[in-house]
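Let's take a friendly walk through a few strands and a patch of surface charge. Have the viewer open as you read.

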Amino acid sequence: MERSRVLTITTALLAFSLILAGGFGIAVNPNFGVALAQSGGLTLSAIAPARVVAGDPGFTLIVTGSGFKASDVVTLDDSDLATRFVSSTRLLATVPASALAGAGTKNIKVKPASGDPTASVSLTIEQKSASLTITKIRPTPVSIGSSSFDLRVRGTGFANDSKVLIGGSEAPVQPKLKNNELRLIATVNADLLKASASLPVQVLNADSTLSNLFTLVVTPPDQAPAIVSISPSQVDAGKPGFTLTINGGPFDAGAQAFADETTLETLSVTTTQMTANVPASVISEIKQVKITAKNPDGRVSNAVTLNIVKAVPRLFSVAPNQAFAGGPNITVHLNGENFRDDSKVLINGLLDSRISVTRFSENVLRVILAPELRASPGKFTIQVANTDSQTNEDDLSSIFEFNVREPFQVSTFAGSGFVGLSNGNLSEVRFTAPSRMTTGPDGNIYITDQLNHAVRRLDPRTGNVITLAGNGTPGLVNGTVSTDVIAGPPALNPIRLNNPAGIAVDSKGVIYVTELGNNIIRRLTPQIDGSIIVDVLAGEVKPSESNANVLVGVAGFKDGTGNEAQFNKPDGIVVARNGNIYLADANNNRIRTIKINTDGTVEVSTLAGKDPGNVDEVGENARFNTPTGITIDENNTFLYVVDTNNLSIRRVEIATGSVFTVYASASSAIPIDGGPGSGLLMRPTGLALGKDGIIFVSDTFVPDAFSPTQVFVQAIRMVNTNDGSIATLAGSLAERGYVDGSAFNARFSNPRDLLLTSDGKFIVVDQVNNRLRMVSPPPTP
């Protein structure tokens, strides 16, 4: 019998703890649970209190669950109780004293306006204890919104370990002896005082005896609710229904909102805020609607106006909002609302035949700007107009400005254009298919000369180019390069590389090179005397099957120590400030990490990627398709990767390996410039990070078969990660060649990599033209 009573009390306490968690935000031990009484989407979870004694006065029963609506009613033995809706998870019901006259069990359910009620939860009524009695509590009543306070409970049969239950939940208690009478002082949490109620106060002794019930009355403050603001305060006529937020107070549990005479469905109520559903019927025509709030005591708030206005076009943004004079066609996205299939776009306030407009989606118009509109630098305005069917007048959006900028200029920075391997000044030096480049801490530019199988160094102060390693013959030979050899003819260099591609230099001047032909990572370490030691940093090497005296790299995939690891066409490479090396392992579709430990040992691991694909995920769950170019941000937090065959730019968080696509090409057959979802990269290979979310990309594509419908993309593109737009900065989306001059007259042939300079210019590796090109911004006005 005692165990049964204890179980009943424990269940009641747990139930009310869950109610508090849902209604007042108090934490609950998640290891406990209460059986649910369900009916379709309507669920009754618990009641509090769940145990009272015969002869108790009426009180407020707190009911918790889910799927509650304002029309739901709490029933006691199938008789309706006065019910107040608080939220979709909480109802308050008044249990009359007449229902508590005798001991027994009452069934509590929640009954919807239509459909079946929930299953029942029991309210247990016990015989009154002869020894444990509450005779007085104070203070009562208290106002809604009061702070936490001490409630003094007087009576008989109290013990030092007696508990005080308020609304079925145990409150912190301090026993106090006064005039030989033991009194209990219980702290009432302010979270219990957010709604009007008659909260049951009970005392529970250690032997599970329960006292009679006194009510702590929580009443509204002596003032009507006041509305301070509503959001939104203006909506378009004819739009669908929406959720209205009403700020002010004090709002009581069960408060209702009104739009003129229409009662709105209440979604939630707190002391300072209400939300309500405004149906489409209320906003079907242009007018002003008075919003008011009414508390259960009948007090009504002031009225605040909700303006129902004409649904005119609204323009929120234009992407992109600039282009370069003389550039290719560009598709501009106008983002806003209230667009129609027949919406017009005005240029400088007028219709313009040099644009074409299509409705891309409900809130986006696509506008193609013809070359004539962008032939010379300047500015023009863009505006959207809808024609009113009744007045035949145009309703106009706000105005946005579009800027046509001066084009960049392209010049030759280094290289004679002739195939060969020779040192010399900028105009004399010869490259053969240079691949990538980087800068070192000494300010020099380091270049992989791919088909010369060499690493070159360019001194921008003197304009002199020398060969550090490689002699024009592919192979795998390590060793030391003396200063005399470095200064002499490249043919005398003893080092052999095989299709060097990516290149990076750390803070100590050590050079790291990826080799497409050997599938290894080579290290070039400068010495105090100016010589260079070349060795294999990572990648498996073995004797050639045809000649045991010749070493070759092993293509494959394997993580592990430096000489155990395997790569497959490693390409772009960068070094972080902490010395860790990151590279794009193209044919393995992975981003790899190389760590050089303090004892000189090398560890290779995979940061992200596995099988080919296109998935934003973490670590090996992410997917790339031939990642090639790679760079690192200024804070060394993210890697940015050219995902070549996915035609996209990806971002990898170094700490977690989490991959995110910052730019994805549209599904188009031809390369175009434009806003989000319009632009297309054709075969990106290199990138450089600009300022304020700008990424410069080298884009090169040569069709496998020549036909009038196929194009040569040989261009430098500019991706704006803020608005998702892409624009061509220099070169052509239709042909290749070698031409210096204005950006869109200039021609490239396989621009593979980019390097930003400190003065806002960038250098381009123009691979097939065997040159380095300089792209310079126009002078600032």
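## A hairpin

Strand β25 (residues 265-269) and strand β26 (residues 273-278) run antiparallel and are joined by 4 bridges. Bear in mind as you look that this is a predicted model. Between β25 and β26 lie 3 residues, and the two strands form a hairpin. To find your place in the pairing, look for Thr 266, which stands opposite Ala 276 in β26.

## An open sheet

Next comes an open sheet of 5 strands, with mixed pairing and the order β12-β19-β18-β14-β15. Which strands stand at the edges? They are β12 (142-143) and β15 (169-171); each has a single partner strand, so one side of each is left without a neighbour in the sheet.

Within this sheet's order, β19 is followed by β18. Strand β18 (residues 197-204) pairs with strand β19 (residues 214-219) in the antiparallel sense, over 5 bridges. Here a handy marker is Val 201, which stands opposite Phe 214 in β19. As background, the strands of a sheet pair through backbone hydrogen bonds, either parallel or antiparallel.

## A positive patch

Now turn to the surface. Which residues form the positive patch? Lys 136, Arg 138, Arg 152, Lys 176 and Lys 178 make it up. Two elements, β11 (133-138) and β16 (173-178), give two or more residues to the positive patch.

Lys 136 is worth a stop: this residue has its place in strand β11. Is Lys 136 buried or exposed? Lys 136 is partly exposed, because its relative accessible area is 42%, and partly exposed covers values between 20% and 50%.

Terms used. Residues numbered from 1 in each chain as written. Predicted model: local features only at pLDDT ≥ 70, side-chain atom pairs only at ≥ 80, totals over all residues. Heavy atoms only, no water. Patch = residues over 30% accessible without salt bridge, like charges linked within 9 Å, V, L, I, M, F, W, Y side chains within 5 Å. Areas by Shrake-Rupley, 256 points an atom, 1.4 Å probe, with all protein chains shown as cover. Salt bridge = Lys/Arg side-chain N within 4 Å of Asp/Glu carboxyl O. Lys, Arg positive; Asp, Glu negative; His and termini not counted. Charge placed at Lys NZ, Arg CZ, Asp CG, Glu CD. Buried < 20%, exposed > 50% of the residue type's maximum accessible area, 1.4 Å probe, protein only. Pairing = 2+ DSSP bridges.
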